Number of protein chains: 4
Amino acid sequence: MKPEERKNRILDCAKRLFSKNGYHNTQISDIISEAGIARGTIYQYFQNKEDLFSSLLDSLYRGLEGSIIISPEEVKKYMARPGSYLGYRIKRTLEYFYSDRDLCSIVLRITQGLQPEFGHLIRRFENKLMELLKGDIELGKKHSTVRKDIDTELTANLIAGALFRISYNYFLSDNPRHGRVDIDEITEKIVSIFMKGLFLETS
Amino acid sequence: MKPEERKNRILDCAKRLFSKNGYHNTQISDIISEAGIARGTIYQYFQNKEDLFSSLLDSLYRGLEGSIIISPEEVKKYMARPGSYLGYRIKRTLEYFYSDRDLCSIVLRITQGLQPEFGHLIRRFENKLMELLKGDIELGKKHSTVRKDIDTELTANLIAGALFRISYNYFLSDNPRHGRVDIDEITEKIVSIFMKGLFLETS
Amino acid sequence: MKPEERKNRILDCAKRLFSKNGYHNTQISDIISEAGIARGTIYQYFQNKEDLFSSLLDSLYRGLEGSIIISPEEVKKYMARPGSYLGYRIKRTLEYFYSDRDLCSIVLRITQGLQPEFGHLIRRFENKLMELLKGDIELGKKHSTVRKDIDTELTANLIAGALFRISYNYFLSDNPRHGRVDIDEITEKIVSIFMKGLFLETS
Amino acid sequence: MKPEERKNRILDCAKRLFSKNGYHNTQISDIISEAGIARGTIYQYFQNKEDLFSSLLDSLYRGLEGSIIISPEEVKKYMARPGSYLGYRIKRTLEYFYSDRDLCSIVLRITQGLQPEFGHLIRRFENKLMELLKGDIELGKKHSTVRKDIDTELTANLIAGALFRISYNYFLSDNPRHGRVDIDEITEKIVSIFMKGLFLETS
DNA sequence: AATGAATGAGTATTCATTCAT
DNA sequence: AATGAATGAATACTCATTCAT
């Protein structure tokens, strides 16, 4: 097995274990026995447990960037109709979390109770999504598809929180839903709420 | 100092420390030195660290129940206008988290990465809110103030996620906002989004 | 057993083991099994292995100060005849090392190859003796009992080196001499060399 | 690079590192990175770390033998005047240590705290010097240049201890003296003490 | 001969919990 | 009830050595 392969194998096993048991309840011993390597080997690739976890977060983050960024062509395409653009963003975000349950668990759950030493790495995920959402909202305001009186920051938080919780609750294996999850359907439902609101018109 | 007092003192110190440092990074040593008691004393009141944390979650949970449940009279009062009822629920929920930053940190952050051993205790908070929100939505549907085509479960998750994130981001001391937070204002903004949606009517 | 007793017991066992096996070849495990205590107990009294060793050096050093300092009355008493004062100093120094073979081994042997982190503590022993010897020589020059043309620093080094080596070679248990060592006799021989030199007068 | 060259290069780097950091604080990693070779290569030339250190001591010892042995012709030459012979021995010994600071540090410092496993190799240095010094003294006694009443063994230890300490303190780079060290001057001062003693004649 | 990734025994240290006083 | 010294299982990390390439 080549070094690069082995490193990825370690990261992979670590991802599974961290996602299942959390940072503190995952021991180096667990990781090496899962990966089928010797105790010392792990320290050839990572300085220590913290560095391993950081590296893992790093690799997950790189996946995020690739997944949820929308290209200029796509922007044009989806900008036409209000809601269609937001829907696309939502769908892409849900797809990111849906694509990898372990990732989802680590980013949305494991990561949360950790110490400031990981703070920076942890925030990157939400900061990135927040940044994109705020950009989307501002863009919408500029194009006059989004109401100008809404609070950008608060709304971005509202959407992000909604997406995190829905991802967490619908995608994680230990919170199983009956049948397969249909992201298009969920997206549509969410967009519908943000399009029309919750309430009937009380003309 | 009376036993009951002492127990509360321990819980209080533990709350501060857990909220700041997390479960694993808070040591018994920290708690006893913060509480000014002897090492053994803590075990007179709690079986072990886990029991102490559970007891703490218990006491926080009892506060939740008292805070966000809406009495039948209030239901009547707020049911009249669509949105006013939801707004009231949102406000009460935000107030609950705003009232105690440590509580907010523990419930929304510290608790997240923990092991299944706490799972049950942890879920109670969100389950309670979810139950109430779902009830609200169903009630709204029955009274024909809420659109019948929305997905109750998903919408409850959406609202809960939004409220959690907003609480976390606006109330916690280490995520400071400029100036004091105005819950009424935040509530109004959130309600507005759920009333009218995000978008301008495109005639 | 009282805490103070226990701490001394640990220091005592550590002294024996360090003196025999050196710093790096003495494990915490060795010390605790020698002292008959639990693994954690040692860390109640000392921060870590380094701190334990430092504390040990400290206590040995305090013994040195008590042993080789000569009171003003003694100075007067011995100052009368040249050589008698130096002899007294030599005797006191030899007695210090002779009194405790472990001390002797630690100060003269174990300590030598260690890292800068102990440098300060290690130097104290030789610095103290050097300081005293240099004082003695200067005093002798002032009283015109010592030749004014000798180099104080170099001579102090010469005497110190001689005393260290003789102590090490005559006193240490693993460098055994036949029969008991007679410090008075050794002292006399050393003084004789420094009194008359090594050589016959070749008048 | 030829094998022999490479082996010497390793020994050379090891010497520098051991002399600076001691045996236990010098890692194989340090040596290979200093020598610019691969980890495995070192084991082609030496069985293990202990063997490497032994080989190093061996090579240093061979230097000692070459340096401080005095040829029969020289014996004749210097035997004439008392003191001149001893002075020559002292000078040669000091020169040996002065010629190589790393050697000096290893022999006089690093080596000291080590375990019995090196005992034999370590003693060789001092044994050799002791053997020579004792021979010198006995020779002096035979030629009636040295006082017959002095204790050969003790005196040899005294001189050896003095030379070790003076070498260590005057030659090592981390115990710097102002200006360059003049071995002839030091030798002269030492010999003077052993010639005339320390004290003024109080006839 | 040279390489360097892999190995795993060895070690210091932590920290929740106990229990004699 | 309160104390705090003692406990020891658990754990991360090191580093000399090996061996397939």
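User: What does buried area denote in this predicted model, and how much of it lies between chain B and chain A?
Analyst: Buried area is the accessible area, taken with a 1.4 Å probe, that two parts lose on being put together, summed over both. The model under discussion is predicted. Carbon and sulfur atoms give 57% of the area buried between chain B and chain A, and that area is about 5,000 Å².

User: Which three residues of chain B supply more of the area that chain B buries against chain A than any other three?
Analyst: In the contact, 54 residues of chain B face 54 residues of chain A. Of the area that chain B buries there, 17% comes from one trio, more than from any other three residues. The trio consists of B:Arg147, B:Arg165 and B:Phe199.

User: Which residue of chain B meets the side chain of A:Lys189 in a salt bridge?
Analyst: The interface of chain B and chain A holds four salt bridges, and 16 residue pairs are in polar contact between these chains. A:Lys189 takes part in a salt bridge with an N to O distance of 2.7 Å, which is within the 4 Å cut-off. Its partner is B:Asp151.

User: Which helix gives the most residues to the side of chain B that touches chain A?
Analyst: On chain B, helix H1 (3–21), helix H8 (116–142), helix H9 (152–171) and helix H10 (183–196) each supply at least two residues of the side that touches chain A. By class, that side has 24 nonpolar, 18 polar and twelve charged residues. The greatest contribution is 15 residues, and it comes from H9(B).

User: Why do chain B and chain A meet through the same surface?
Analyst: A turn of 180° with a shift of 0.0 Å along the axis lays chain B on chain A with an RMSD of 0.1 Å. The copies meet through the same surface because the interface residues of chain B are also interface residues in chain A, and the share is 100%.

User: What relation links chain D to chain C?
Analyst: Chain D is superposed on chain C by a rotation of 180° with 0.1 Å of shift along the axis, at an RMSD of 0.1 Å. Of the contact residues of chain D, 100% recur in chain C, and one surface thus serves both copies. The rotation and shift therefore give the relation of a two-fold axis.

User: Which residue of chain D meets C:Asp151 in a salt bridge?
Analyst: Chain D and chain C bury about 5,000 Å² between them, with 58% from carbon and sulfur atoms. Four salt bridges cross this interface. In one with an N to O distance of 2.7 Å, the side chain of C:Asp151 meets that of D:Lys189.

User: How much of the part of DNA strand F that comes within 4 Å of the protein is sugar and phosphate?
Analyst: DNA strand F is surrounded by 27 residues, and the closest are B:Thr41, C:Arg6, C:Gly40, C:Thr41 and C:Tyr45. These surrounding residues divide into nine nonpolar, ten polar and eight charged. Among the atoms of DNA strand F within 4 Å of the protein, the share of sugar and phosphate is 60%.

User: At what distance from a phosphate oxygen of DNA strand F does a polar side-chain atom of B:Tyr45 lie?
Analyst: A:Ile28 places a backbone N or O atom 3.4 Å from a phosphate oxygen of DNA strand F, and A:Tyr43 has a side-chain N or O atom 3.3 Å from a phosphate oxygen of this strand. For the polar side-chain atom of B:Tyr45, the distance to a phosphate oxygen is 2.9 Å.

Conventions. Residues numbered from 1 in each chain as written. Chains lettered and ligands numbered in written order. Predicted model: local features only at pLDDT ≥ 70, side-chain atom pairs only at ≥ 80, totals over all residues. Heavy atoms only, no water. Least-squares fit on C-alpha atoms with pLDDT ≥ 70 in both. Contact = heavy atoms within 4.5 Å. Polar contact = N/O pair within 3.5 Å; in protein donor to acceptor, adjacent residues only side chain to side chain. Helix = DSSP H or I, 4+ residues; strand = E, 2+ residues; numbered from the N terminus. Nonpolar A, V, L, I, M, F, W, Y, C, P; charged D, E, K, R; others polar. Near = heavy atom within 4 Å.
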